[in-house]
Amino acid sequence: MPCERKPMRYGHSEGHTDVCFDDEGKCIVTCGSDGDVRIWESLDDDDPKSINVGEKVYSVALKNGKLVTAVSNNTVQIHTFPEGDPDGILTRFTTNANHVAFNASGSRVAAGSSDFLVKIVEVADSSQQKTLRGHDAPVLSVALDPSDEFLASSSCDGSVTVWSIESQTQVAQWKVLQKSSDVSNAKSLCRLAWQPRSGKLLAVPVDLTIQLYDKNTWTNVSTLSDELITQVFNVVVWSPCGKFLAAGTVGGNLLIWDVEAKLCIERQKHEKGFTVCGMAWHPSGGRIAYTDTEGCLGLLEDVSSASSTIQNTKATAVKETNDYDDLFDEDDDRMLDEGTTDSRSPVKKPIMDDDDDDDDLMPATGRPRNRGSFLDDDDNSQDPGSVKLDGLPEEDGSSAVLPAVGPAVSRPIYEGPMPSQPQRAFQPGSTPVHLMHRFMMWNSVGIVRGYNDDQDNAIDVEFHDTAIHHAMHLTNSLGHTMADLSQEAVLLACEGTDELASKIQCLHFSCWDTQKDWMVDLPKGEDVRALCLGQGWAAVATSTLMVRLFSIGGVQKEIFSLPGAVVCMAGHGEQLLVVYHRGTGFDGDQALGVQLLQLGRKRRQVIHGEPLPLSRKSYLAWMGFTGEGTPCCIDSEGVARMLNRTLGNTWAPVCNTRDTCKSKSDHCWVVGVHENPQQIRCIPCKGSRFPPTLPRPAVAVLPFNLPYCQTTTEKGQMEEQYWRSMLFHNHFGFLSSNDYEIDSEGQSQAEKEQQELLMKMFALSCKLEREFRCVELAELMTHSVVTLAIRYASRSRRMALAQRLSELALEKANQLQEEEQEEDDEPAYQRHTSREYRGSNKMSSRQAEVENGCEEEEEQEEYPQEEQMDAEESTETRKPCLNPFKKGGKSPERPSPKPVSREGRVNPFKVSGAEKSSSSPAGQPRTTNVLDSMTMASRKPATLSGTSKQGKAPVLKPLAPKPKSKTQATLLQMSASKASRKKQEDSQSGAEKIKPVPAATPPVSAENIENRKPKTGFQLWLEENRKSILTDNPDFEEMDIIKEGMGRFRILSAEERLNWTERAKGDSDPKKRKREDEAGQVDERMESDEGSAKKKKPLDASAKLSAFAFNKE
């Protein structure tokens, strides 16, 4: 005979309730949100005793005459029973306690709280407490093992944890629940229950199933479920004998299972379908009391008849089932039916220790027709025994029971990784769908809010920049749950129902005609799972593993299939990013793949389904593009990763948003990522993963920080800054290769900062005598900065290092020549990240040749004339110069009109394809090694000192752009001037105004170029003294003559060298002299400061380093 459900009766005001029996089962004790505990002698008791214990009561437990309650004033109180007299406060928390439970003997009470703590308190002496810390969210429920060895707890962090009470440590943890921010938002209360007496099994309600875990192995050994259940289980409770398990659902279903048989023997439904939030089994096993969230109390009577029937039926049928049982392993817990009568309940071996001796052999389920229908529909076999076996899982309604023979036996043997639950599809920038008020989309364009309550079902669209469009209020009659927003349109979608198809609706507000919106119905059985908008297109991923592309006006375009179920999509410009499940993850990990497609004129797939890296045991929380168009993802552990296009499309970790969170339960809800400026825009959420819609949350800005080692040291900090700058400025190359406008000023500033950091690291390595490391750093430098490094090494008297760097500089010059000569079809951002690709991509040979005449002569002059007066230095700064790495070329020609930066960048090392003869004029060697021209100079240490902006210290000028005309400037300014920063700035701004260069220069021979150039004092001196040098050293080659000449010239007094320089000036052309006169005021103004600065002594290595600081305009 099935059990009887008694009519519900009102017990407490609307809200959460809990229920328990006293030790003898004479009374039912309930508590509710009205703050009262009521003691009912029976369900028909019209005047129950009422004890007011506080404002709200969340949980009640009763044992040995002690009534324990979890009250809203953050305390766990104790009262006498049945008198109801206060007996003190057992323990306190910093916020509400959510659940209390006694141990088997009644000597201890366990309590779990919203402050993430679990406490175990001795009833006799409440000062004897143990606190268990480890949950990352409010605790939902607690349960003490009958042996008092373990405690189980469930939490809003999604975990069920088993603790050792003695050591206060975690012994097992399962991430099986859905995470939530608070108990009020939790999908289920997840009330846990240990099997009475033995405590062998722990029952855990997980979604639509009850999972049973074995205490010896902490593995899932069984699953109980029912096909009629459509809503999650909320509470479970064991029968006193430990053979049966009862559970209540959020939808008001009440079920009872025979645990060993895994058979559902009773199903009842709440009369109004309210959520069952409290259950208690009578000590005799005959009744079950339950309460709901509306404050009502109910009772199931005659539960024992159902349980005893199934037990005795099994006992009488043992002999008949032996022939079937022999077919299987004796450990098999699967039930076998012995007869052919459909009304007979399934039978099994007798269960030991059954203290119920009822001889009633009536059927247990009372649903024989269900069994018959399953048997009639089974066409797989005609054998009665196998028919019964096939029908049993359907009786249980459990999909997990069908393979019970295999998994139930093999699970204890298999100890490998367990598959993870795949994460569901989501829209980045949206909050969960089940919320009544939620963000459907928050991105860099605006905010889409959804409201679905009793008053209204609507969508509000708000734009950050109202110049794009005014705010919109849309009626959500179709029940849209997904949205995306761009500067052109709003895209909405809803899933289909039995009657209606899944729909896509687009409001194209930037459309120039009057029809602003369009709608598309998907084929029946196909639902939208994810959607996104790009520039002129929309994409929708569906449940049939397809992606459908549309134009922004509603034209259907390409369709392609995905290898797995979609997780999310994002669009930016012409780029489409799709993330999907590429397989099954294990041990809590997700196995996601990512595809990146270009939907422009040249359609191509950039990333071909490579695995998407996530943190261990995490899932994808946000996916999108930075404001500059670089793909970026953030996982549930807070780690942000960005695509590094220069390293084979790998993902580089750039930030951990959890570093800014004070508590484990705090999170950052990301709404946007930007590379320039470098920041993550997010909303800090305290104790939650997502923000509420009201009040409007404030957006915070987080910096990026790459996880490099030893970032507390100067070396580690500079390494992190350099590579972060490299990574976050890759988008310049990508954008320019795709014909986008780029910020040339920002690009040049970034290059300047990168080279400055390399030079600082180089100087630091020199100071630490790490010369090999210096060469490694120089390999990352641009060609011009290598020249600066050579000078630094020479002045630091590290000649071996300088020689190595000189060889490296020549290699870089040859490399530049080869890059210029060949047509490179590869996108700029895929080249080596030395940043020199702009030099080769953006310059013609004409630009480079104008520059080629400058560097070499400058190198020859710099070192012999280090201590000359300011007038000469000013001349050197302005005069045309020669490139030491030039191998020959044509005469200067018209510069290209396409500058790269504001002043225009050119490649100073471009070598033309038409080489001229290797012979050079006697007075002008053109193939000298960089080191050759500075060996003598390096013997005399440079006078370097600190760099103040007031101009009191000599400063090198390696990286300031030197304008040649309105559309032409060198990439780096390599001057040997000892002028101060202020002088440098003045001369640069002045040079920009007073150095007009004709737009076109008539082609002349290389000799004419030389004749036009003003000779330096050293060149003039060398021409007159060449014969005497050759007389002394008749075997000298050209380079040897120059070296010897530099040494002799350096020995001359300052006055003599100045005289030679003045003579050289006399030979200059009139235009040059005119420029020098105009710049003379600047030189005179700085002369006194310069003279005093030259007298300072050299400082230590760090001072030398500061002298190489870069002038930041």
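This is a short working chat about the structure above, which is a predicted model.

User: Start with the salt bridges. How many does the structure hold?

Analyst: It holds 29 salt bridges.

User: Which residue pairs with arginine 9?

Analyst: Aspartate 46 does. The closest N and O atoms are 3.4 Å apart.

User: Where do those two sit?

Analyst: Arginine 9 is in strand β2, residues 9–10. Aspartate 46 is in the loop between β5 (36–40) and β6 (49–52). So the pair ties together parts 37 residues apart in sequence.

User: Is aspartate 46 buried or exposed?

Analyst: Exposed, because its relative accessibility is 66% and the cut-off for exposed is over 50%.

User: What about arginine 108, what does it bridge to?

Analyst: Glutamate 122, with the closest N and O atoms 2.8 Å apart. This one links two strands: arginine 108 lies in β12 (108–113) and glutamate 122 in β13 (118–122). The two parts are 14 residues apart in sequence.

User: And is arginine 108 buried or exposed?

Analyst: Arginine 108 is buried, at 15% relative accessible area. Glutamate 122 is partly exposed, at 24%.

User: Which aspartate goes with arginine 267?

Analyst: Aspartate 226, and their closest N and O atoms are 2.7 Å apart. Arginine 267 is in strand β26 (263–269), while aspartate 226 is in the loop between β22 (220–225) and β23 (233–238). That pair therefore ties together parts 41 residues apart in sequence. Both arginine 267 and aspartate 226 are buried.

User: Which residues are joined into one network by shared partners?

Analyst: Asp34, Asp36 and Arg38, through salt bridges.

User: Switching topic. Which residues does the WD repeat annotation cover?

Analyst: The unreviewed UniProt entry puts "repeat: WD" on residues 9–41 and 132–173. In the model, residues 9–41 are 45% strand and 0% helix. The end C-alpha atoms of that span lie 14 Å apart.

User: Now the largest nonpolar core. Which members touch the most others?

Analyst: Met759, Phe762, Met781, Leu801 and Leu805, out of 28 residues.

User: Which helices supply at least two residues each?

Analyst: α6 (714–728), α8 (744–767), α9 (771–780), α10 (783–795) and α11 (799–821). Helix α8 gives the most, with eight residues.

User: What does phenylalanine 762 touch?

Analyst: Leaving out residues up to four places away in sequence, Phe762 touches Cys774, Leu777, Met781, Ala789, Tyr792, Ala793, Leu801 and Leu805.

User: Why would such side chains gather at all?

Analyst: In soluble globular proteins, nonpolar side chains tend to be buried together.

Technical notes
Residues are numbered from 1 along each chain as its sequence is written. This is a predicted model: local features need pLDDT of at least 70, side-chain atom pairs count only at pLDDT 80 or more; totals for chains, interfaces and linings use all residues. Side-chain values use heavy atoms; hydrogens and water are left out. A nonpolar core is a set of buried Ala, Val, Leu, Ile, Met, Phe, Trp, Tyr and Cys residues joined through side-chain atoms within 4.5 Å. Buried means under 20% relative accessible area, exposed over 50%, partly exposed in between (1.4 Å probe, protein chains only). Helices (H or I, at least four residues) and strands (E, at least two) are DSSP runs, numbered from the N terminus. Contact means heavy atoms within 4.5 Å. UniProt positions are given in the numbering used here, feature names are shortened, and annotations may be inferred rather than shown by experiment. A salt bridge is a side-chain nitrogen of Lys or Arg within 4 Å of a carboxyl oxygen of Asp or Glu.
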